[in-house]
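Please work through the following exercises with the sequence and the model side by side, trying each task before reading its solution.

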Amino acid sequence: MTITKEHTRVAISWSDVGCPPSAGGMHRSPVRQRQATNCRPHPPDAELSRHPTKTVTQLITFRNHGVDGPARLRATMVDELRGDPITSEAVADAMATVPRHLFAPEVPLEEAYESNTAVPVKRAGDGLTLSSLSSAHLQATMLEQATISPGMNVLEIGSMGYNAALLDELVGPTGHVTSVDIDPDIVERARTCLAQAGYNRIDVVLADAEYGVPAGAPYDRIIVTFDSPDIPPAWLKQLTSDGRIVVPLRMKGVTRSIAFDRDGAELISRSYRLCRFVPVQGEGAHDRRRLKLDTGVYLTIEDSDEAGFNVTAVQQALREPAAESWPGATFDLPDELELFLLTNSPQMALLHASQARIDEGLLTAATRLGVPALITGDGSFAYRIKRARQDSDEDFECGVIAHGPSAAIVAAQYGNLLRRWSENFRRRNAASIRYVPTQTATSPEPGLSGVLSKRHGSVVVSWPKISGSPDGDIA
């Protein structure tokens, strides 16, 4: 139902995931003709009683703009993204063409085109976001990583509709896009939005993405749009011999969007970027694990890390006075530094503290969002802090906070790692990341620095030497 007012139209939708109103109530793209598709009807009361945690009624406000409103906002969005992350005219043209607002009816028109804004679409009963439309910045980043050409066969894993439409623009009339999602509500929503936007060639499949979509294989490109703890064998099997997969892969508690090219039975990275996605659902789901150290203080770990930490000893070290040191290392590119630290010792884990414990002075503000902590056998641990350099108004330097009986030793070890990164690897995409399936004869030995064990294989992170630097190949 739509209520027209002087400056807005208020649409009342009865879908639990924000199914958009019919095409007659939406802005039409100047590029494609739309086909009206109605939402499914209000479910009966009996069905509502069986799903008490779902959002049943949504109030969606659409601001009235001139016919050039969406096109103007798209152009502005693309201009903001040019240079970083958009580096190709193909991606720029696709994003300037696809009407993003038709895939985000939950938010006002202007918000749909904010380049760094994600749109939550479905939440669990506890408020956790289960599905969302990623920000245009992140989608452009992954599209550039994928380097898609006309005529390619592409599999998108995780369906919101908008990214599939972008892919359809990139592959053109001689290519094909398949999109798969495990959630029937999301699949229905994607199909409806795509139909309204005029993208009728895309196959949207309801299935557990752990097994890919074999009917459409092999794929030249596979793009994953959720936080994935591993790379299932089906994805590798369905990738062409010269194919590329772009996947937000979780490693040691952090996630990077990695563009992997096939290298025989293995995968080798071509680029990686910082990203954040909703977690995978289905058989591949694997929640992050936490080791509680104190109220509001915990370590984020992988399963293979848990046996390596003496939790009782770390808890005792946490109560000892902090020792502060400054090893003379530059603070820069924090996401690159984070990855280097986490993959250069099996005794590294992300240390988190709540704002309340930080305010008490138990730990510093560096731990609020998680910081790599080096932990020794006796429970002593060290983590990174930063401050402005005294001799510069712009540069920052890294420091170390250490606790425990071996605080001085672990602080020195941490400081050495900071200096090695600052002197040799302070650049974008300095790491080389290889994925080795379990069945590969050359599977790396688990437990080594830079070797991250997964359910279906191992991730091997190395740091190739820069010409002229004294260090390299640290993993």
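## Exercise 1: a helix and its cover

In helix 12, the buried residues (under 20% relative accessible area, 1.4 Å probe, protein chains only) are Ala407, Val410, Ala411, Tyr414, Gly415, Leu417, Leu418, Trp421, Ser422 and Asn424. The model is predicted, so local features need pLDDT of at least 70 and side-chain atom pairs count only at pLDDT 80 or more, while totals for chains, interfaces and linings use all residues. Residues are numbered from 1 along each chain as its sequence is written, and side-chain values use heavy atoms, with hydrogens and water left out.

Task: compare the expected span of helix 12 with the distance between its end C-alpha atoms, and name elements that cover its buried residues.

Solution. Helix 12 covers residues 407-424, which is 18 residues. The expected span is 1.5 Å times one less than the number of residues, so helix 12 should span 26 Å, and its end C-alpha atoms, 26 Å apart, agree with this. Its cover, judged by contact (heavy atoms within 4.5 Å), includes helix 10 (334-342), strand 15 (323-331) and strand 19 (396-403).

## Exercise 2: strands in a sheet

Task: find which strands stand at the edges of the open sheet of ten strands.

Solution. The order is 8-7-6-9-10-11-12-20-22-21, with mixed pairing, where two strands pair if DSSP finds at least two bridges between them. Strand 8 (203-206) and strand 21 (451-453) stand at the edges, because each has a single partner strand. Further in, strand 20 (residues 432-437) and strand 22 (residues 457-462) run antiparallel, joined by six bridges, and Pro437 stands opposite Gly457 in strand 22.

Definitions and conventions. Helix = DSSP H or I, 4+ residues; strand = E, 2+ residues; numbered from the N terminus. Buried < 20%, exposed > 50% of the residue type's maximum accessible area, 1.4 Å probe, protein only.
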